[in-house]
Amino acid sequence: MSREEVLVSAAWSEENLDTPGVVFVEVDEDTTAYDGGHVPGAVKIDWKTELQDPVRRDFVDRAGFEALLSAKGIANSDTVVLYGGNNNWFAAYAYWYFKLYGHDSVKLLDGGRKKWELDGRPLDKDVVRREPTTYTAQDQDLTIRAFRDEVVEAIGDKNLVDVRSPDEFSGKLLAPAHLPQEQAQRGGHIPSAINVPWSKAANEDGTFKSNDELDRIYGEAGFDGSRKTIAYCRIGERSSHTWFALHELLGHGDVKNYDGSWTEYGSLIGVPIELGDGKGN
């Protein structure tokens, strides 16, 4: 898959703000960021309240996704351009989510909100209202989603790519340093996992590094391109960014995102856990 199929530049995006059939969607970790100024014409998706089931720990189901996109005014035929803060952290999560439910044409704005702002491109606070549609989703594509039993079976067999920080990987922290240290009952990582923090895939301006640079980063960490791969983090959002790099940019065919990630695995009874840097310490 070429980069042109899955990424658009900030310049292309500004030229296509009013192009019929192109819908810009902002998804941020900080769900208030959009309200302070957004790409003109972009709609907002709140990952906490709109992509997550309010009761079960799971995504909204197919009917819920259909209702969400219909209400946002997104049609099946639209090209959806996702962007957000923090190097497209949650925008990549939403991208994977759109693919999970079978949306045909979805792309990331390379560099996301950071690149857009660095370029000095326009932001506005206008309330965006699009005409509702009747969106039809597909059943979840489980070739890109891993569940806990598959992860346990993958130990020592598939590439397990832990994309959290080294301190989370080693077991010193349970969550990113700026977040409360809660949720999982144990620290550490899945045995045989390699640690490649998700942010290594991004340049200073938030854009993705070149394929040659990405190949070198994952190769030096011990990634085996001949094996199937499962990426994970804490709740499945940072690993969506890595899934995008491995599957969509580098073209590795069998890459899954384990959205249960460490908050689930680190609380399971009886599963093996490894501490330290994964190099025998």
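Begin by selecting lysine 48, which is found in the loop between strand 3 (43-44) and helix 3 (62-72). The model in the viewer is a predicted one. Is lysine 48 buried or exposed, or does it fall in between? Its relative accessible area is 49%, so lysine 48 counts as partly exposed, because that class ends where exposed begins, over 50%. Next, add glutamate 29 to the selection. Glutamate 29 and lysine 48 are 19 residues apart along the chain, and their C-alpha atoms are separated by 8.9 Å.

**Helix 3**

Follow the chain from the loop into helix 3, residues 62-72. Which residues of helix 3 are buried? They are Phe65, Glu66, Leu68, Leu69, Ser70 and Lys72. To see what these buried residues pack against, display strand 3 and helix 4 (85-100) alongside them. Then select glycine 73, just after helix 3, which takes a positive phi of about 80°.

When looking along a helix, one general point is useful. An α-helix has 3.6 residues a turn, so residues three or four places apart point the same way.

**Helix 9**

Move now to helix 9, residues 238-249. From its first C-alpha to its last, this helix of 12 residues reaches 16 Å, close to the 16 Å expected at 1.5 Å a residue. How many residues of helix 9 are buried? The count is 12 of 12, and the helix is mostly covered. Colouring the buried residues by type shows a mixture of side chains: among them are Trp243, Phe244, Leu246 and Leu249, together with Arg238, His241, His247 and Glu248. Just after helix 9, select glycine 251, where phi is positive, at about 80°.

**The whole protein**

Finally, zoom out until the entire protein is in view. A cartoon display should show 10 helices and nine strands. Taken along the principal axes, the C-alpha atoms fill a box of roughly 55 × 40 × 35 Å. The radius of gyration is 18 Å, which agrees with the value near 19 Å that a compact globule of 281 residues would have.

Of the 281 residues, 53% count as buried. Contacts between residues at least 6 apart in sequence can also be examined: 76% of them join residues at least 24 apart.

Switch to a surface display for the last stop. The protein exposes about 12400 Å², and carbon and sulfur atoms supply 47% of that area. Colouring by charge picks out 31 positive and 48 negative side chains; the centres of the two sets lie 3 Å apart.

Conventions. Residues are numbered from 1 along each chain as its sequence is written. This is a predicted model: local features need pLDDT of at least 70, side-chain atom pairs count only at pLDDT 80 or more; totals for chains, interfaces and linings use all residues. Side-chain values use heavy atoms; hydrogens and water are left out. Helices (H or I, at least four residues) and strands (E, at least two) are DSSP runs, numbered from the N terminus. The expected span of a helix is 1.5 Å times one less than its number of residues. Buried means under 20% relative accessible area, exposed over 50%, partly exposed in between (1.4 Å probe, protein chains only). The radius of gyration is taken over C-alpha atoms; the globule rule is 2.2 Å times the number of residues to the power 0.38. Contact means heavy atoms within 4.5 Å. Accessible areas come from the Shrake-Rupley method with a 1.4 Å probe; for residues, only the protein chains shown count as cover. Lys and Arg count as positive and Asp and Glu as negative; His and the chain ends are not counted. The place of a charge is taken as NZ of Lys, CZ of Arg, CG of Asp or CD of Glu.
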